[in-house]
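Below are some notes on the model you sent. They go from the single chain to the pair, and then to two individual residues.

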There are 2 protein chains.
Amino acid sequence: MKAKIYISYKEGILDPQGKTVGSALDSMGIDGIEDVRIGKYIELSLKKTSKQEAKAITEESCRKLLANPNTETFKFEIEED
Amino acid sequence: MKAKIYISYKEGILDPQGKTVGSALDSMGIDGIEDVRIGKYIELSLKKTSKQEAKAITEESCRKLLANPNTETFKFEIEED
């Protein structure tokens with residue numbers, strides 16, 4: 001069983017890395033991009049367990065370690081093998 | 001229009017950050033996690049354009065800057081507003 005977690009900055013939080021990458025793409029001649037936001041994509045491989053338990057483990061991991069509650073939001077999905 | 005890009009290490013490439021986070025979760029008493037892989041989640045806000053053009057811009061951005069072709073793979077999806 002796998003958990004796929006997407007962590008991104010909250011609206012309104014400045015993302016300097018995203019801004020830098022946006023400028024770089026622009027200076028490379030890639031047009032059409034208004035804004036770039038960079039977050040984290042985390043995959044957890046979980047031991048065999050129920051989907052409900054997998055959700056609980058993932059939620060706890062995000063709340064206690066993976067995401068910064070002050071500046072970031074997270075969402076995740078559980079994928080069965 | 002938005003492009004959501006997921007970049008992760010290729011199979012077989014060591015992910016020391018993921019290993020460290022895995023150990024941390026373990027030592028916090030969160031059980032049931034076998035492996036952690038950490039990648040990037042990038043959102044591009046695109047100017048109004050066709051879906052086909054949006055795909056081309058995103059693919060080019062990934063190939064030329066966002067992903068390291070030696071160690072990483074990427075996938076993406078285009079979301080219309």
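How far apart are the mean positions of the positive and negative charges of chain A?

1. Charges. The model is a predicted one. In chain A the mean position of the 13 positive charges and that of the 15 negative charges are 7 Å apart.

2. Fold of the chain. Chain A has two helices and three strands. Followed along the sequence, these elements come in the pattern β-α-β-α-β. With a radius of gyration of 16 Å, against the 12 Å that the globule rule gives for 81 residues, chain A is more spread out than a compact globule. The C-alpha trace of chain A spans about 50 × 30 × 15 Å along its principal axes.

3. Contacts and surface. If one takes the contacts in chain A between residues at least 6 apart in sequence, 72% of them join residues at least 24 apart. Buried residues make up 38% of the 81 in chain A. The area that chain A exposes is about 4700 Å², and 46% of it is supplied by carbon and sulfur atoms.

4. Relation of the two chains. Two copies of a chain are related by a rotation about an axis and a shift along it. Here a turn of 180° with a shift of 0.0 Å along the axis lays chain B on chain A, at an RMSD of 0.0 Å. This is the relation of a two-fold axis. Of the interface residues of chain B, 100% are also interface residues in chain A, so the copies meet through the same surface.

5. A residue with contacts in both chains. B:L25 belongs to helix α1 of chain B, which covers residues 16–27. Its relative accessibility is 0%, so B:L25 counts as buried. Residues up to four places away in sequence aside, B:L25 touches A:S61 and A:L65 as well as B:I30, B:I33 and B:V36. Of these partners, B:V36 is 11 residues from B:L25 along the chain, and the C-alpha atoms of the two are separated by 9.7 Å.

6. A residue in the second helix. Which residues does A:T58 contact, leaving aside its neighbours within four places in sequence? They are A:A3, A:I5, A:L44, A:L46, A:F76 and A:I78. A:T58 itself sits in helix α2 of chain A, residues 51–66. Buried means under 20% relative accessible area, and A:T58 is buried with a value of 0%.

Technical notes
Residues are numbered from 1 along each chain as its sequence is written. Chains are lettered from A and ligands numbered from 1 in the order in which they are written. This is a predicted model: local features need pLDDT of at least 70, side-chain atom pairs count only at pLDDT 80 or more; totals for chains, interfaces and linings use all residues. Side-chain values use heavy atoms; hydrogens and water are left out. Copies are superposed by least squares on the C-alpha atoms of residues with pLDDT of at least 70 in both. Contact means heavy atoms within 4.5 Å. Helices (H or I, at least four residues) and strands (E, at least two) are DSSP runs, numbered from the N terminus. The radius of gyration is taken over C-alpha atoms; the globule rule is 2.2 Å times the number of residues to the power 0.38. Buried means under 20% relative accessible area, exposed over 50%, partly exposed in between (1.4 Å probe, protein chains only). Accessible areas come from the Shrake-Rupley method with a 1.4 Å probe; for residues, only the protein chains shown count as cover. Lys and Arg count as positive and Asp and Glu as negative; His and the chain ends are not counted. The place of a charge is taken as NZ of Lys, CZ of Arg, CG of Asp or CD of Glu.
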